[in-house]
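Good morning, colleagues. Please look at the sequence and the structure on the screen while I go through a few selected positions.

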Amino acid sequence: MSTIPDTTVQLKDGSTITIRTARPEDARAVLEHARPIFAEEEFLLTTPDDFHMTEEQEEKWLQMNRDDPGKLVIVAESTGRIIGLLGFQSEERKRVRHHGELGMSVNKAWRDRSVGRALLLALIAWAEQHPVLEKVYLQVFATHTRAIALYTSLGFKEEGRQIRDVKMESGEYVDVLIMARFVK
């Protein structure tokens, strides 16, 4: 079972949020969080046209992640509303089982308030205690300077750059950075 204890976190503006493991019954709230994030499109690969998850599929996905010791989905919650989400998936193949990739999103109204930092710190604490994991990594648009600054402040280092990896609707290309942090 991949879970973390519920944790109350005070943000830099003095407000408090709860960081906890996502539950299958969160499916509707997770979708309500995700859809506007995808609509922004600026720093994500997934567009609204690409996202077709139903509530039932989301519920099954959340349960599958809870049941797999190499996966974790956590949420940031304020007054019963999901305002941030972080998903992590470790590799299954034996030689690369010691690392995995994370993806994270924070509701626009809650950005720059330390929600992303709280989610990342919860993941890092979980990964440090995990019996197999040694490294967590992520991919981020090279143009997403705020996210890169957050990751760097928490010890993530750039390990590579995928040149012109994403082609935006405008025809412009964006490089993608691969960043990682060792937890052991």
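Ala76 is in contact with Ile17, Thr18, Ile19, Arg81, Ile82, Ile83, Gly84, Val115 and Leu119, when its neighbours within four places in sequence are left aside. I should say at once that this is a predicted model. Ala76 belongs to strand E3, which covers residues 71-78. Is Ala76 buried or exposed? Its relative accessible area is 0%, and because buried means under 20%, Ala76 counts as buried. For a long-range reference, take Glu172: Ala76 and Glu172 are 96 residues apart in sequence, and their C-alpha atoms are 33 Å apart in space.

Let me turn to His33, a residue of helix H1. His33 is buried, with a relative accessible area of 3%. Which residues does His33 touch, leaving aside its neighbours within four places in sequence? The contacts are Ile82, Ile83, Gly84, Leu85, Ser105, Val106 and Asn107. Ile82, Ile83 and Gly84 were also named among the contacts of Ala76. As for Asn107, it is separated from His33 by 74 residues in sequence, while the C-alpha to C-alpha distance is 6.9 Å.

Helix H1 also packs against helix H2. In general terms, two packed helices are described by the angle between their axes and the distance between the axes. Here H1 and H2 pack at an angle of about 105°, and their axes are 8 Å apart. An angle of 65 to 115 degrees counts as roughly perpendicular, and H1 and H2 are therefore described in that way. On the H1 side the contact is made by Ala27, Arg28, Val30 and Leu31, and on the H2 side by Glu55, Glu58, Glu59 and Leu62. How does this contact of H1 with H2 divide by class? It has four nonpolar and four charged residues, and no polar ones.

Next, the aromatic residues. How many aromatic pairs does a search of the whole structure find? The search finds three. One of these is formed by Phe38 and Phe51, whose rings are 4.6 Å apart, centre to centre, with 45° between the planes, and the pair is classed as tilted. The pair links distant parts of the chain: Phe38 is in helix H1, residues 27-40, and Phe51 is in the loop between H1 and helix H2, residues 55-67, with the two positions 13 residues apart in sequence. Phe38 has a relative accessible area of 16% and is buried.

Two rings have a charged group over them. The charged end of Arg113 sits over the ring of Trp110, at 4.0 Å from its centre. Likewise, the charged end of Arg164 sits over the ring of Tyr173, and there the distance to the ring centre is 3.8 Å.

I move on to the loop between strand E5 and helix H3. Lys108 lies in this loop, which joins E5, residues 99-106, and H3, residues 115-129. Lys108 counts as exposed, at 58% relative accessibility. From Lys108 to Glu40 the C-alpha to C-alpha distance is 9.2 Å, and the two are 68 residues apart in sequence.

The backbone of this loop also deserves a remark. Most residues other than glycine have a negative phi. Asp112, however, has a positive phi, near 65°, and it is placed in the loop between E5 and H3. Asp112 is exposed, with a relative accessible area of 53%. Ser114 is placed in the loop between E5 and H3 as well, and its phi is also positive, about 85°, although it is not a glycine. Ser114 is partly exposed, with a relative accessible area of 24%.

Within strand E5 itself we find His99. His99 is buried, with a relative accessible area of 15%. Leaving aside its neighbours within four places in sequence, His99 is in contact with Ser90, Glu91, Leu133, Lys135 and Tyr137.

My last position is Gly171. Where does Gly171 lie? Gly171 is found in the loop between strand E7, residues 157-167, and strand E8, residues 173-182. Gly171 is partly exposed, with a relative accessible area of 33%. The C-alpha atoms of Gly171 and Glu101 are separated by 28 Å, the two residues being 70 residues apart along the chain.

Thank you for your attention.

Definitions and conventions:
Residues numbered from 1 in each chain as written. Predicted model: local features only at pLDDT ≥ 70, side-chain atom pairs only at ≥ 80, totals over all residues. Heavy atoms only, no water. Phe/Tyr/Trp six-rings, centres within 6.5 Å; stacked < 30°, edge-to-face > 60°. Helix = DSSP H or I, 4+ residues; strand = E, 2+ residues; numbered from the N terminus. Buried < 20%, exposed > 50% of the residue type's maximum accessible area, 1.4 Å probe, protein only. Lys NZ or Arg CZ within 6 Å of the ring centre and 35° of its normal. Axes fitted to C-alpha atoms, helices over the stretch in contact; angles between N-to-C directions. Parallel < 35°, antiparallel > 145°, perpendicular 65-115°, else oblique. Contact = heavy atoms within 4.5 Å. Nonpolar A, V, L, I, M, F, W, Y, C, P; charged D, E, K, R; others polar.
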